[in-house]
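Welcome! Let us walk through this structure together, one step at a time.

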Amino acid sequence: MKTRITDLLGIRYPIVEGGMQWVGRAELAAAVSNAGALGMVTARTLPTPDALCREIARTRALTHEPFGVNLTLSLLDQTQRYDDWVEAIVDSGVRIVETAGNNPQPVIARLKAHGITVIHKCTSVRHALSAQRLGVDIISIDGFEAAGHPGEDDVPLLVLLPAARRALCVPVIASGGIADGRAMAAALVLGADGVNMGTRFMLTQESAVHEHVKQTLLAASERDTVLIKRSLKRTARHFDNTLAREVLALERRPGGASHDELKHLLSGARGRSALETGDVGAGLITASQVIGLIDDLPTCAELVARMVSECRAALDAAHNLFGSNGIGNVK
Ligand SMILES: Cc1cc2nc3c(=O)[nH]c(=O)nc-3n(C[C@H](O)[C@H](O)[C@H](O)COP(=O)(O)O)c2cc1C
């Protein structure tokens with residue numbers, strides 16, 4: 001396939017693995033890249049910039065294809081300066097970075113000075129425009145369906161993507177609620193240059209998430225996610241488990257709950273424990289509404305190949321709606 005992002009990123013198919021804390025490890029990133037898409041190592045999964053360098057080296061040992069590093073700015077420990085993380089990325093020779101979570105301004109100049117291609121992931125056209133002004137190469141736009149932080153505007157991808165496409169000059173990657181080739185076809189038709197997926201790549205053979213978590217999410221429907229932290233203006237979409245309900249109940253009580261009061265429930269360590277031990281209620285599990293459409297655990301190679309052929313079939317079928325002589329055959 002050929003779109004503006006296959007050229008820019010040097011990949012065969014316009015499919016990107018979004019950054020995923022605790023999930024975006026070397027094995028998964030390499031499997032995605034070896035499948036012809038863009039794998040992504042997630043910096044925030046590693047405790048220090050040095051550990052990130054080692055994870056990048058592990059990824060490089062597993063693939064010769066391009067891969068990126070996700071740098072989630074708001075999640076980085078405030079005591080560790082962004083500079084140290086950028087230095088680790090630059091020194092490791094990484095060519096593609098996905099920034100997310102906050103304005104990329106603190107890191108963009110340094111990344112661009114080293115010729116790194118920057119994908120900035122955001123949730124609104126206004127933030128996309130300001131990132132474009134700062135010089136990012138590609139915008140990844142997360143619709144309301146997305147796992148993680150879908151923003152505060154609640155605009156689904158069907159509206160957000162064409163709105164972003166209309167406003168931006170740089171290539172646009174559609175993100176949120178995409179799990180198969182039909183959705184990919186739809187995104188391309190709406191003007192995307194590619195698609196980004198988190199939840200779908202988490203539910204693959206190569207993802208290190210505990211089997212019980214995978215099976216629980218496979219059994220879930222599109223109604224089984226919940227938005228928490230809305231009262232803190234830091235809305236996050238997670239799998240609807242007892243812990244997420246507990247957070248919501250505290251937020252909804254008279255007077256609400258401060259971040260400090262919720263901190264012990266929101267802790268990253270608890271989320272990690274849930275993903276690694278399979279104790280689904282032990283922590284917050286990030287997942288999108290698209291869990292309702294996912295019912296298998298393919299390898300990344302199977303998934304990417306299937307998506308590409310589904311995408312082609314969907315685009316052919318759409319084309320055939322107009323008949324071979326160009327006259328519509330839909331009565
Ligand atoms: C388990 C998990 C963890 C995530 N962690 C991060 C993260 O640390 N940084 C980030 O920018 N996005 C994170 N995301 C969001 C994804 O990169 C992507 O934007 C989102 O999953 C797209 O929606 P989808 O799940 O419907 O594909 C995470 C998603 C999942 C499923």
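In which helix does Ala29 have its place? Ala29 belongs to helix α2, and the model we are looking at is a predicted one. This residue makes a good starting point, so to speak, for a look around. With 33 C-beta neighbours inside 10 Å, Ala29 counts as buried, because 20 or more are enough for that label. Leaving aside residues up to four places away in sequence, Ala29 touches Glu17, Gly24, Gly39, Met40, Val41, Thr59 and Phe67. Thr199 is 170 residues apart from Ala29 along the chain, and the C-alpha atoms of the two are separated by 14 Å.

From here we can step out to the sheet. Helix α2 covers residues 26–34 and packs on the sheet, where it touches β1, β2 and β3. The direction of α2 makes about 165 degrees with that of β2.

How many strands form this open sheet, and in what order? There are 8, arranged as β1-β8-β7-β6-β5-β4-β3-β2, with parallel pairing. At the edges lie β1 (15–17) and β2 (39–42), each of which pairs on one side only. Neighbouring strands of the sheet are turned against each other by 25 degrees on average, direction ignored. As a general point, strands of a sheet pair through backbone hydrogen bonds, either parallel or antiparallel.

Let us follow a few of these strands. Strand β5 (residues 117–122) runs parallel to β6, and 4 bridges join the two. Here His120 stands opposite Ile139 in β6. Strand β6 spans residues 138–142, and 5 of its 5 residues are buried, so it is largely enclosed by the rest of the structure. Both of its faces are covered: Ile138, Ser140 and Asp142 are buried on one side, and Ile139 and Ile141 on the other. Further along, β7 (residues 172–175) and β8 (residues 194–197) pair in the parallel sense over 3 bridges. Ser175 has Asn196 in β8 as its bridge partner.

Strand β8 also brings us to the ligand. Which elements each supply at least two residues of the shell around the ligand? They are β3, β8 and α9 (199–202). Helix α9 gives the most, with 3 residues. Of the 32 residues around the ligand, Gly18, Ala100, Gly198, Thr199 and Ser288 come nearest. Sorted by class, the shell has 11 nonpolar, 16 polar and 5 charged residues.

Two loop residues deserve a stop on our tour. Most residues other than glycine have a negative phi. Trp22, in the loop between β1 and α2, has a positive phi near 75 degrees. Lys229 is not a glycine either, yet its phi is positive at about 65 degrees; this residue lies in the loop between β9 (225–228) and β10 (236–239). Are these two buried or exposed? Trp22 counts as buried with 22 C-beta neighbours inside 10 Å, and Lys229 is buried with 21 other C-beta atoms within 10 Å.

Finally, we can step back to the whole protein. Its secondary structure comes to 14 helices and 10 strands. Buried residues make up 45% of the 331 residues. Among contacts between residues at least 6 apart in sequence, 63% join residues at least 24 apart. The C-alpha atoms fill a box of roughly 65 × 45 × 35 Å, taken along the principal axes. For 331 residues, a compact globule would have a radius of gyration near 20 Å, and the protein's 19 Å agrees with that.

Methods:
Residues are numbered from 1 along each chain as its sequence is written. This is a predicted model: local features need pLDDT of at least 70, side-chain atom pairs count only at pLDDT 80 or more; totals for chains, interfaces and linings use all residues. Two strands pair if DSSP finds at least two bridges between them. Axes are lines fitted to C-alpha atoms, for helices over the stretch in contact, and angles run from 0 to 180 degrees between N-to-C directions. Two residues are in contact if their C-beta atoms, placed from the backbone, lie within 7 Å. The radius of gyration is taken over C-alpha atoms; the globule rule is 2.2 Å times the number of residues to the power 0.38. A residue is buried if 20 or more other C-beta atoms lie within 10 Å of its own, exposed if 12 or fewer, and partly exposed in between; C-beta atoms are placed from the backbone. A residue is near a molecule or strand if its C-beta atom, placed from the backbone, lies within 6 Å of it. Ala, Val, Leu, Ile, Met, Phe, Trp, Tyr, Cys and Pro count as nonpolar, Asp, Glu, Lys and Arg as charged, and the others, Gly among them, as polar.
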